Amino acid sequence: MNSKALPRQINNIEVGVYECEIHLKFRLIEEKSLLGDREQLLQVLLDALTEGSDDFLETLQASVKAQEVSEFKASPQMRRQLMRLRNAVDNTQ
């Protein structure tokens with residue numbers, strides 16, 4: 001999966017580490033061959049969900065939870081990225 005950071009807004013942003021949990025149940029019309037590649041399937045599902053329900057996607061149930069956690073629970077790479085973001089905000093102010 002290719003994760004991309006959201007575009008940064010420089011106006012007094014605060015960043016933190018969050019644990020997010022998504023539970024989805026839906027019906028989807030798609031090529032059978034796609035179901036063998038989890039990475040590609042996940043990307044197609046995320047794209048379909050952001051586009052919204054249509055004739056090929058029917059959302060049955062969706063729930064999302066997000067909660068801030070201690071940055072010490074994040075990986076070292078994620079903590080370094082968090083420090084870079086905070087430093088970038090400090091340097092622009």
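Which residues form a negative surface patch? Keep that in mind while the whole chain is on screen; the model is predicted.

**Whole chain**

Start with a cartoon view. The protein has two helices and two strands, arranged along the sequence as β-α-β-α. Switch to a surface: about 8,300 Å² is exposed, and 50% of it comes from carbon and sulfur atoms. Of the 93 residues, 11% count as buried. If you draw the contacts with a separation of 6 or more, 79% of them belong to residues 24 or more positions apart.

**The negative patch**

Select D47, E51, D54 and D55; these residues form the negative surface patch. Within this group, centre on D54, in the loop between α1 (38-51) and β2 (57-69). The relative accessible area of D54 is 44%, so this residue is partly exposed, and the value is over the 30% that a patch residue needs.

**The nonpolar patch**

Next, select I22, L24 and V64. Together they make a nonpolar surface patch of about 290 Å². V64 belongs to strand β2. Is V64 buried or exposed? Its relative accessibility is 63%, so V64 counts as exposed.

**Salt bridge between the strands**

Now turn to charged pairs. Side chains of opposite charge can pair when their charged atoms come close. How many salt bridges does the structure hold? There are two.

For one of them, show the side chains of R27 and E58, which meet at 3.2 Å, N to O. R27 sits in strand β1 (residues 17-28) and E58 in strand β2, so the salt bridge ties together parts that are 31 residues apart in sequence. Colour E58 by accessibility and the value is 40%, so E58 is partly exposed.

**Salt bridge to helix α2**

Then select E71 and R86. Their side chains meet in a salt bridge with an N to O distance of 3.0 Å. This pair links distant parts of the chain, 15 residues apart: E71 is in the loop between β2 and α2 (76-92), while R86 is in helix α2. Relative accessibility is 26% for E71, which counts as partly exposed. R86, at 31%, also counts as partly exposed.

**Last view**

To finish, keep both salt bridges on screen as sticks: R27 with E58, and E71 with R86. Add the negative patch of D47, E51, D54 and D55 and the nonpolar patch of I22, L24 and V64 as surfaces.

Key: Residues are numbered from 1 along each chain as its sequence is written. This is a predicted model: local features need pLDDT of at least 70, side-chain atom pairs count only at pLDDT 80 or more; totals for chains, interfaces and linings use all residues. Side-chain values use heavy atoms; hydrogens and water are left out. Helices (H or I, at least four residues) and strands (E, at least two) are DSSP runs, numbered from the N terminus. Buried means under 20% relative accessible area, exposed over 50%, partly exposed in between (1.4 Å probe, protein chains only). Contact means heavy atoms within 4.5 Å. Accessible areas come from the Shrake-Rupley method with a 1.4 Å probe; for residues, only the protein chains shown count as cover. Patches are made of residues with over 30% relative accessible area and no salt bridge: like charges are joined within 9 Å, nonpolar side chains (Val, Leu, Ile, Met, Phe, Trp, Tyr) within 5 Å. A salt bridge is a side-chain nitrogen of Lys or Arg within 4 Å of a carboxyl oxygen of Asp or Glu. Lys and Arg count as positive and Asp and Glu as negative; His and the chain ends are not counted. The place of a charge is taken as NZ of Lys, CZ of Arg, CG of Asp or CD of Glu.
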